[in-house]
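Visitor: Could you take me through a single part of this model in detail, going strand by strand and then on to the side chains? I would like one connected account rather than a list.

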Amino acid sequence: PPPPPPPPFLMIRRPPTSTLLDIRRQRQMCIRDRIAGRGLLGYWGPNLSVAAVLARQDETAGTTEVLLGGAEEKIGLGLPKGFVLHEEDALDAVGRVLEREVGWRPPQDQGEAVFDGFTYDRRQTDHAWVESRAYLFHGQLDAMPGSLEAAGEFDEVRWWPLEPETVNRLPSDQAQFLRAAVARLMETDRLPRSVGEGLLERTG
């Protein structure tokens with residue numbers, strides 16, 4: 001007799017109009033968590049989260065710094081991040097998150113999307129999961145905020161040197177966002193390729 005057909009979860013077909021994000025969602029739904037319902041997430045289906053990578057360039061010293069926050073009860077560092085509210089635009093959301101977490105709101109429509117995709121969240125279920133979008137805000141030293149006020153989830157925020165040791169103190173998903181920002185800075189000649197490639201080789 002002929003062999004039985006493969007299990008349905010292995011049969012992922014790409015419809016003619018699907019996008020790479022559609023395929024990513026299909027694959028996510030194949031990795032079952034065996035937990036039904038919405039769980040602790042706010043919405044059924046994808047819950048969009050935004051993160052901000054603030055980087056500033058010191059042309060005189062030839063260095064780049066990134067804004068990170070920390071909490072007293074946590075060892076690692078973190079990027080400003082939060083969920084998009086109902087009917088809120090993602091760029092508006094990241095501006096709101098920055099104002100809440102560090103006391104600074106970027107100019108309207110400023111920010112480059114450097115990451116957009118599924119990220120693991122321990123609250124995810126078979127019916128609710130998290131998709132993240134990270135935005136890069138980059139400027140010269142005098143164009144970026146100097147002193148910032150920690151709020152929200154942070155007890156302290158400050159500028160850190162963009163080095164492998166800094167990136168490796170971030171949670172894995174946020175390190176992925178920062179690595180994507182480094183790649184964008186290299187592609188647009190805002191970061192020396194030797195510096196960016198060396199950082200990417202020693203992180204992730």
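Guide: A residue is called buried here when its relative accessible area is under 20%, and in this predicted model both Phe115 and Phe177 meet that description. To place Phe115, it helps to begin with the strand that it faces. Strand β5 spans residues 128-140, and 11 of its 13 residues are buried, so β5 is largely enclosed by the rest of the structure. Strand β1, residues 45-58, runs parallel to β5 and is joined to it by 13 bridges; within this pairing, Gln57 stands opposite Gln140 of β5. Strand β4, residues 112-119, is joined to β5 by seven bridges, but here the two strands run antiparallel. It is in the pairing with β5 that Phe115 finds its bridge partner, Ala134.

From the backbone we can turn to the ring of Phe115. The count of aromatic pairs comes to one, and this pair is formed by Phe115 and Phe177, with 5.0 Å from centre to centre and 50° between the planes. The arrangement is classed as tilted, because planes under 30 degrees apart would count as stacked and those over 60 as edge-to-face. The pair links distant parts of the chain, since Phe115 belongs to strand β4 whereas Phe177 belongs to helix α4, residues 172-187, and the two are 62 residues apart. Phe115 therefore takes part in two contacts described here, with Ala134 in β5 as its bridge partner and with Phe177 as its aromatic partner, and a residue counts as buried under the cut-off given above, as Phe115 and Phe177 both do.

Key. Residues numbered from 1 in each chain as written. Predicted model: local features only at pLDDT ≥ 70, side-chain atom pairs only at ≥ 80, totals over all residues. Heavy atoms only, no water. Buried < 20%, exposed > 50% of the residue type's maximum accessible area, 1.4 Å probe, protein only. Helix = DSSP H or I, 4+ residues; strand = E, 2+ residues; numbered from the N terminus. Pairing = 2+ DSSP bridges. Phe/Tyr/Trp six-rings, centres within 6.5 Å; stacked < 30°, edge-to-face > 60°.
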